[in-house]
Amino acid sequence: MNSLRFAATLRVLGWMALYLALSAPAIILAGPDSSNSFVIRKARVFDGQKVIQQADVWVENGTIKSVGTGLNVPSGTKVIDAAGDTLLPGLIDAHTHAWGDALKEAEIFGVTTELDMFTAVKFMQETKKDQAAGKDLDQADLRSAGTCATAPGGHGTEYGIPVPTLTSPAEAQAWVDARVAEGSDYIKIIVEDGSAYGGHMPTLSMETVKALIDAAHKRGKLTVVHIGTQQEARDVIAAGADGLAHLFSDSAPAPDFGKFAAAHHVFIVPTLDVLESASGVASGESLTTDARLAPYLTGDDIANLKKSFPKSPTALSEKYAEQTVAQLKAAHVRVLAGTDAPNPGTSHGSSIHRELELLVRSGLTPQEALAAATSAPAAAFRLGDRGTIAPGKRADLLLVKGDPTQDITAARDIVSVWKLGVEDDRATYRASIEKTKQEAAKAAQSAQASGPEISLISDFDDGTSNATFGTGWALSTDSIAGGKSTGDMKVVDGGANGDKHALDVSGVIDGGLPYAWAGVMWAPGSQPFIPVNLSSKKNISFFAKGDGQTYRVLVFTTSGGRIPAQQTFTAGAEWKKSSIPFSAFNGTDGHDISAILLVGGPAAGKFDFQIDEVKLE
Ligand SMILES: [Zn+2]
């Protein structure tokens with residue numbers, strides 16, 4: 001997506017690392033039933049293309065053995081009675097950015113393959129190694145572009161994550177070959193001048209894009225191209241792109257767009273959900289109240305699904321993309337379901353169900369939408385072992401109640417998900433999420449009394465960095481998220497208002513990371529990221545002095561998910577009091593504050609500030 005999105009994604013990556021490293025233990029799944037042979041009887045079967053009103057599907061050792069009625073299977077074979085239910089191929093999400101728990105979450109919602117469109121090369125390599133070793137059966141299968149092709153200073157480079165850029169057609173083959181060597185399954189190319197979002201950024205020339213496409217084809221790799229505008233879409237299709245990673249939402253489609261795309265045999269992943277979020281509407285919000293999905297959504301998922309991008313100054317409209325999808329259908333262009341999770345308004349797995357709904361709203365039949373998430377992406381990405389229910393295919397399967405070929409939302413009513421014939425342990429996952437939510441609610445309640453009547457957090461006058469409640473102050477740096485910033489913290493003489501001591505915080509911010517930080521953290525609960533209700537107070541206040549630089553106060557709340565809200569303060573030569581209302585932190589009332597950080601960064605360089613008399617008022 002555009003730079004804004006990209007920045008948000010990378011920030012999530014950084015803060016998530018802090019959050020996951022310090023929050024309650026991650027979800028641990030019980031070992032799933034490892035038997036991978038069974039027969040499903042009397043299901044309605046959507047085989048990826050068509051509906052068989054009633055059939056048996058026999059799975060042996062993780063592979064579909066046969067499909068038919070009244071199948072004879074060896075005695076002792078486990079029988080699953082699926083009368084009234086619908087069996088589908090496991091879903092394929094054709095546009096995600098995977099890291100952390102993404103693939104585990106995806107599978108819970110029936111997505112058994114994620115086609116990643118830019119992630120850390122290391123994550124891609126390690127995940128694929130595990131997959132090849134037969135591990136990760138409780139996680140969606142990963143196919144990935146690895147890193148992406150972009151211009152120097154273009155989309156993706158401005159955040160310091162090392163992205164190998166290129167400037168001329170002459171560099172294209174070497175660039176592509178380096179990706180092939182790293183293990184990229186296909187080549188992702190960014191064409192984005194920012195104009196669709198009212199900005200401007202350098203982008204690859206169309207000659208370079210064409211050279212990249214040719215170079216990839218020379219190595220037998222598909223190319224998937226990110227575009228922002230309708231003009232960019234036409235240009236890259238003309239240059240020979242195999243697929244578009246988004247549709248445009250800057251303008252209504254020209255009357256011939258569908259025919260033009262069809263003539264070039266391009267496939268298109270509209271990502272309607274994220275285009276809706278880009279037009280300022282949180283596309284995933286309705287998922288959070290759908291009883292078929294909500295019990296499986298983490299607090300972070302829910303917070304992110306309720307978000308949208310800030311409204312763009314240009315007239316973006318997801319409706320333009322819906323009109324284009326209708327054209328593509330009429331022209332028989334291959335349309336694939338992709339979510340662009342975890343951008344604002346999305347989450348891994350659950351969002352495929354919103355995307356299916358939006359594809360139907362655009363004019364696809366439910367059956368066509370289901371094909372867009374099964375057989376169509378398998379064909380487009382040449383994954384011959386999946387996407388359909390037929391003998392010899394992987395037993396990546398999704399069993400749901402009701403009939404999603406009539407009502408697309410029935411695909412949310414999941415009975416079971418299998419990867420290679422091994423059933424995902426959704427019950428344990430659900431119980432674990434329920435427990436975490438209950439603990440958070442309990443902690444918020446029980447801690448109500450402990451914090452609020454005390455207003456002083458720390459004055460450091462006992463010569464330590466302890467606090468009157470919650471955790472003491474501790475150093476926090478981006479090293480937890482792969483950064484190289486360093487920090488130091490010590491109690492020093494000479495506090496604010498002539499008192500004895502203050503806390504000195506210093507360090508060096510390593511340049512580049514969009515989320516670089518180093519500083520100190522305090523949490524109101526017994527450990528970081530346990531929410532505490534501080535809503536009887538209205539402000540956080542503290543005295544600060546220092547080297548004259550601007551610093552940040554970061555506030556984590558449970559409802560705000562994994563990205564902290566921030567405000568800044570300046571630490572000058574003299575002690576100065578800052579008093580910041582809770583409401584300045586994304587409008588929180590303080591009822592579920594889980595951590596507060598005072599940090600330097602993201603600008604590179606040395607920093608040094610002191611704090612004293614930290615209070616809630
Ligand atoms: Zn994306």
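Why are lysine 210 and aspartate 214 separated by about one helical turn? They are four residues apart in helix α5 (residues 206-218), so about one helical turn lies between them. Their side chains also meet in a salt bridge, with N and O 3.0 Å apart. Welcome to a short tour of this predicted model. Below you will meet its salt bridges, its ring pairs, two charges over rings, and an open sheet.

**Salt bridges**

- How many salt bridges does a search of the whole structure find? The search finds 28.
- Let's go back to the pair in helix α5. Lysine 210 is partly exposed, with a relative accessible area of 36%. Aspartate 214 counts as partly exposed too, at 37% relative accessibility.
- Aspartate 47 and lysine 50 also join their side chains in a salt bridge, with an N to O distance of 2.7 Å. Aspartate 47 is buried, with a relative accessible area of 8%, whereas lysine 50 counts as partly exposed at 48% relative accessibility.
- Aspartate 256 and arginine 234 form another salt bridge, and their closest N and O atoms are 2.8 Å apart. This pair links distant parts of the chain: aspartate 256 lies in the loop between β12 and α7 (257-263), while arginine 234 belongs to helix α6 (residues 230-238), and the two are 22 residues apart.
- Is arginine 234 buried or exposed? Arginine 234 counts as buried, at 19% relative accessibility, because buried means under 20%. Its partner, aspartate 256, is partly exposed, with a relative accessible area of 36%.
- Salt bridges can also join up into a network. One such network links Glu276, Asp290, Arg292, Glu318, Lys319, Glu322, Arg354, Glu357, Arg361 and Arg412.

**Aromatic rings**

- The structure holds 14 aromatic pairs. One of them is formed by phenylalanine 460 and tryptophan 473, whose ring centres are 6.5 Å apart.
- Why is this pair called tilted? The planes of the two rings stand at 50°, so the pair falls between stacked (under 30 degrees) and edge-to-face (over 60).
- Phenylalanine 460 and tryptophan 473 both sit in the loop between β17 (456-458) and β18 (474-477), 13 residues apart, and their pairing links distant parts of the chain. Both residues are buried.
- Elsewhere, look for a cluster: ring pairs link Phe542, Tyr551, Phe569, Phe607 and Phe609.

**Charges over rings**

- Which ring does the charged end of lysine 65 sit over? The ring belongs to tryptophan 58, and the charged end is 5.6 Å from the ring's centre.
- Arginine 179 offers another example, with its charged end over the ring of tryptophan 175, 4.5 Å from the centre.

**The open sheet**

- Strands of a sheet pair through backbone hydrogen bonds, and the pairing may be parallel or antiparallel.
- Here, five strands form an open sheet in the order β9-β10-β11-β12-β13, with parallel pairing.
- Which strands stand at the edges? They are β9 (148-149) and β13 (267-268). Each has a single partner strand, so one side of each is left without a neighbour in the sheet.
- Within this sheet, strand β11 (residues 223-226) and strand β12 (residues 243-244) pair in the parallel sense over two bridges. You can find a bridge partner for yourself: valine 224 is matched with glycine 243 in β12.

Definitions and conventions: Residues numbered from 1 in each chain as written. Predicted model: local features only at pLDDT ≥ 70, side-chain atom pairs only at ≥ 80, totals over all residues. Heavy atoms only, no water. Phe/Tyr/Trp six-rings, centres within 6.5 Å; stacked < 30°, edge-to-face > 60°. Buried < 20%, exposed > 50% of the residue type's maximum accessible area, 1.4 Å probe, protein only. Lys NZ or Arg CZ within 6 Å of the ring centre and 35° of its normal. Pairing = 2+ DSSP bridges. Salt bridge = Lys/Arg side-chain N within 4 Å of Asp/Glu carboxyl O.
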